[in-house]
Amino acid sequence: MYKSPLYMQQEQSIQLSLTTNDDRSFIFSTPRLLEPDTLRLPIPFAHPGIDALFQMKYTPQPLGSIREQLGITTEQQSLFSHLFGEQSGKPSADRYDGDDVRIRYFGHACLLIETKDVNLLTDPTLCYDYDNGIDCFNYADLPAFIDYVLITHSHQDHVLFEHLLPLRHRIGTVVVPKSNGGGLADPSLKLMFRTLGFANVCEIDEMESLSLPDGALTGIPFLGEHVDINIRSKIAYHIELKHRTIMCLADSTNVDSALYRHIHAETGNVDVMFLGMECDGGQQPGYTVH
């Protein structure tokens, strides 16, 4: 499909605006109607100018250069300039240098798991930096380079390009579940991410492992969440780092406990388990720690 006339990049666009709060309805990937203080750019998601734009949050560049890359018209220049300040934003966080494993919860299904040698970010969903009286981690708490982004499944509250595109230039490898070839009900996340400009995308299958510094990443069967349709593009993760074990099960359902007894025989006990607690209807589930 991506090599056919059905894939129409001219239908893609980026909308930019200043964010002063996060009081927005939960509508998956948050499509927006055009409003007076927003700037819509008719550029595809794979456009390299998007990376250059978000690099400017921490590395100042002349406005003329980015205007040219994004094709900003004369009529758009005033609104575009309004999105920038005289000073660069807060630098990214220093890389964790402790001797153990650190886990930070960013919200929804997003975790930052770090050792001094490697870091992993699951299903990126990040807060914007504004004062709402609630302490929370946001973009500025991420390291300058993210070694691995782990995607559990294709639902739009776990694959949010509103958050992924600003991070694209900072991501080493995106790990996605192995699909059964791709289809309307079960699209290939590998093809999707590669088509949208992510350079390194790796598929992982059930009970398949990838080596990490001081550990390993293993794909765990992910049952439920798709009303028993034969969808393969979903995976949970067992992460072993420095003899610590973490299980990220996303929105898995205990369809058959025999499966998890079998998995336990392979993985052993885990130190920390993160499991989504899905609400009825279109509400955002939160993670619970067991």
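Is Cys202 buried, exposed or partly exposed, and what is its relative accessible area? That gets picked up in point 4. A few notes on this one, bearing in mind that the model is predicted.

1. Overall make-up. The protein chain has 6 helices and 14 strands. Its radius of gyration is 20 Å, which agrees with the value near 19 Å that a compact globule of 290 residues would have. Along the principal axes, the C-alpha atoms take up a box of roughly 65 × 45 × 35 Å.

2. Packing and surface. Buried residues make up 43% of the 290 in the protein chain. If you look at contacts with a separation of 6 or more, 64% of them link residues 24 or more positions apart. The accessible surface is about 15,400 Å², and carbon and sulfur atoms contribute 51% of that. On the charge side, there are 38 negative side chains and 21 positive ones, with the centres of the two sets 5 Å apart.

3. Helix α1. Have a look at residues 48–55, the stretch that forms α1: this helix is mostly covered, with 6 of its 8 residues buried. The buried ones are Gly49, Ile50, Asp51, Ala52, Leu53 and Phe54. What sits over them? The cover includes β1 (14–16) along with the helices α2 (63–70), α3 (77–81) and α4 (161–167).

4. Cysteines. Back to the opening question: Cys202 is partly exposed, at 23% relative accessible area. As for disulfides, the structure holds 0. For Cys202 the reason is distance: the closest cysteine sulfur belongs to Cys248 and is 17 Å away, too far for a bond. Cys248 is in no disulfide either, and the cysteine sulfur nearest to it, in Cys110, is 10 Å off. Cys248 is also buried, with a relative accessible area of 1%.

5. Ala236. This residue is found in strand β11, which covers residues 236–241. How buried or exposed is Ala236? Its relative accessibility is 0%, so Ala236 counts as buried. Setting aside neighbours within four places in sequence, Ala236 is in contact with Thr218, Gly219, Ile220, Pro221 and Phe222, and also with Cys248, Leu249 and Ser252. So the Cys248 of point 4 turns up again here, as one of the contacts of Ala236 and as a buried residue in its own right. Glu206 is 30 residues from Ala236 in sequence, yet the two C-alpha atoms are 8.5 Å apart in space.

6. Two histidines worth a look. Most residues other than glycine have a negative phi. His108 has a positive phi of about 50° without being a glycine, and His243 has a positive phi of about 65°, again without being a glycine. Where do they sit? His108 is in the loop between β3 (102–107) and β4 (110–114), while His243 is in the loop between β11 and β12 (244–248).

7. Surroundings of those histidines. Which is buried and which is exposed? His108 is buried, with 9% relative accessible area, whereas His243 counts as exposed at 75% relative accessibility. If you have the structure open, His243 can be found by following β11, the strand that holds Ala236, into the loop that leads on to β12.

Methods: Residues numbered from 1 in each chain as written. Predicted model: local features only at pLDDT ≥ 70, side-chain atom pairs only at ≥ 80, totals over all residues. Heavy atoms only, no water. Helix = DSSP H or I, 4+ residues; strand = E, 2+ residues; numbered from the N terminus. Rg over C-alpha atoms; globule rule 2.2 N^0.38 Å. Buried < 20%, exposed > 50% of the residue type's maximum accessible area, 1.4 Å probe, protein only. Contact = heavy atoms within 4.5 Å. Areas by Shrake-Rupley, 256 points an atom, 1.4 Å probe, with all protein chains shown as cover. Lys, Arg positive; Asp, Glu negative; His and termini not counted. Charge placed at Lys NZ, Arg CZ, Asp CG, Glu CD. Disulfide = S-S within 2.5 Å.
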